[in-house]
Each structure stands twice: as C-alpha cells, then as structure tokens.
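Here's a walk through one chain, from its overall build down to a few odd spots in the backbone. Keep the viewer open as you read.

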Amino acid sequence: MKILLLEDEYALRISIQEFLEDIGYEVDSFMDGQEAFEAIFDKTYNLLLLNVNVPSLSGFHLLEKLHKENIKTPAIFLTSMTDIASLKKGYEQGCCDYIRKPFDLEELELRLNQAYKSFYADDSSAIELDKEIVYNMNAGKLTIKGEEVVLRKAEKDILEVLLKHKNMLVSIMVLQDEVWGEYVEPATIRVQVKNLRQKLPDGIIQNRRGLGYIIERP
C-alpha cells in the first residue's frame, strides 16, 4: 500500500512514517499541504493521511480540491479537533474516517486497513483490459500481472474516457472535452496518449489514423 502522509508536527510525522514503513507500507510524507497536493498528481497513492491544520493548504481544502479534479483516493483525517462542526465538514469533503490525536499507532494501522478494505473491496469497478491487465475505476489503479503501474492524472483520465467509450472511436476533440474541458493543443493530447500506450502492452489502445483511439474488449 502506498500512503501519502501530511503532518506538520515533525516528531509525529517521523514516528508515523517509521511505524508504517516498518510494517511494510510505502510512505511519502509532507508538512506542507500544497506540496502534498502537487505530489498526488505525480504518483498514485492508495490512501491519504491528512492533518487538517497544516501550512499553505489545509487538509480540508486539499481533499476538496482533489475531488474537484475527480481524484477519489480514500482519506483519513488526523486531528485534535473534536467539535461536531469540524467532523461534519471533514465527511462532507469526502473523508472516510477521523483519528483524534493523540492516538496509538496500532489503532492507526487498524483504521488504515479498514479504510483500504472498505474502499477497494468492490470489484465491480475493476475492468479487465486483457489477461492479467486490470484497471480499477474506483481506485484509479492499473495493475499488470498483479503489479501496479503508476499513471499520471492525465493518463488515468484518458484511460477512463477510452473505457467509458469502449469499442468506440474516441477523437482528439472528445479527449480534449472530457479530460481537459478546454482547448488543448492536439500535439499535447497525442503525447499524453503515447505516454499511456507505452505503459500498456501493444494493442490495448489502438490508433485509427486520422480518426482517434479505441479500446476493443467484450
């Protein structure tokens, strides 16, 4: 499991990171909300651990911005806040759990495992592109032979548009509208599609010259 940890208290951040890495998780830690937000566009995380009150961008606003970008990675807030209004706001922003400080690290492990199982248990969102090639629409995760392939945000969005229109040609204009929502140079779109195709076996995404791209599957 790959975890992003946002916590500005140094001792706590190091303690959590070392504990999680010792039990086998991969952890990237940040103390600044904006830096954490930008990192999510460069790497796929299975779960987010977010302190609420951190520099630059609060945990609440970070999760709100992610959801506007259609990134639905499950998130747990780490906070000392206990008032109902704050809890309600967190759940409205889309978190799946709260852990109140101070907390036991073993409790954190239990909460992480429960959140992961709850979010990723629904296999109905898993689409088989080919033998041993699966994309989980809910998690935004591509696996090939059981190994996760890291996709950038634009690559995920392109793949999801192609899957939504499976067995249909998807033009550059459709990709522009559904992925970017504004005018983007066709050359830029072709580069992003090329990058995605390079992460998949030959033939998964087919190019129909002058017409667009297609994923053919039953």
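What follows starts with the whole chain, moves through the strands, and ends with the loops and pockets.

First off, this is a predicted model. The chain's secondary structure adds up to eight helices and 11 strands. Line the C-alpha atoms up along the principal axes and they fill a box of roughly 60 × 35 × 25 Å. What about the radius of gyration? For 218 residues, a compact globule would come in near 17 Å, and the chain has 19 Å, which agrees. As for burial, 47% of the 218 residues are buried.

Now to the strands, and β1 is a good place to begin. This strand covers residues 2-6, and five of the five are buried, so β1 is largely enclosed by the rest of the structure. Look at how its side chains are split: K2, L4 and L6 point one way, while I3 and L5 point the other way. Yes, K2 is in that list, and it counts as buried along with the rest.

Which strands does β1 pair with? One is β2 (residues 26-30), which runs parallel to β1 and is joined to it by five bridges. If you want a pair to click on, L6 has F30 in β2 as its bridge partner. Between these two strands the chain passes through helix α1 (residues 10-22), and the resulting β-α-β crossover is right-handed. β1 also pairs with β3 (residues 47-51), again in the parallel sense, over four bridges. Here L5 is the residue to pick, with L49 in β3 as its bridge partner.

From β3 you can carry on to β4 (residues 75-79). β3 and β4 run parallel and are joined by four bridges, with L50 standing opposite F77 in β4. The link is another right-handed β-α-β unit, made of β3, helix α3 (residues 59-68) and β4. How enclosed is β4? Five of its five residues are buried, so β4 is largely enclosed by the rest of the structure. A75, F77 and T79 point one way from the strand, and I76 and L78 the other way. One more step takes you to β5, which runs parallel to β4 and is joined to it by four bridges. In that pairing, I76 stands opposite D97 in β5.

Just past β5 there's something worth a zoom. K101 and P102 are joined by a cis peptide bond, with omega at about -10 degrees. P102 sits in the loop between β5 (97-100) and α5 (105-120).

Two other loops hold residues with a positive phi that aren't glycines. K145 has a phi of about 55 degrees and lies in the loop between β8 (141-144) and β9 (147-149). Is K145 buried or exposed? Its relative accessible area is 64%, so K145 is exposed. N167 has a phi of about 65 degrees, and its place is the loop between α6 and α7. With 41% relative accessibility, N167 counts as partly exposed. L169 is found in that α6-α7 loop too, and is partly exposed, with a relative accessible area of 41%. From L169 to Y135 is 34 residues in sequence and 19 Å in space, C-alpha to C-alpha.

That leaves the open spaces. The largest pocket has a volume of about 270 Å³. It's lined by 20 residues, and the closest to its centre are N70, I71, K72, G140 and K156. Helix α6 (residues 153-164) gives the largest share of this lining, four residues. By type, the lining divides into eight nonpolar, five polar and seven charged residues.

The second largest pocket holds about 160 Å³ of space. Its lining includes E69, N70, M137, K153 and D157. The elements that give this lining two or more residues are α6 and α7 (172-180), and the largest share, five residues, comes from α6. Here the division is three nonpolar, one polar and six charged. If you select N70, you'll find it lining the second largest pocket and also among the residues closest to the centre of the largest one.

Terms used:
Residues numbered from 1 in each chain as written. Predicted model: local features only at pLDDT ≥ 70, side-chain atom pairs only at ≥ 80, totals over all residues. Heavy atoms only, no water. 1 Å grid on protein atoms, 1.4 Å probe; cavity = no way out; pocket = protein on both sides within 12 Å on 5 of 7 lines; lining within 4 Å. Points joined across faces, edges and corners; volume = space filled by probe spheres on them. Nonpolar A, V, L, I, M, F, W, Y, C, P; charged D, E, K, R; others polar. Buried < 20%, exposed > 50% of the residue type's maximum accessible area, 1.4 Å probe, protein only. Pairing = 2+ DSSP bridges. Right-handed = clockwise from strand over helix to strand, strands pointing away. Rg over C-alpha atoms; globule rule 2.2 N^0.38 Å.
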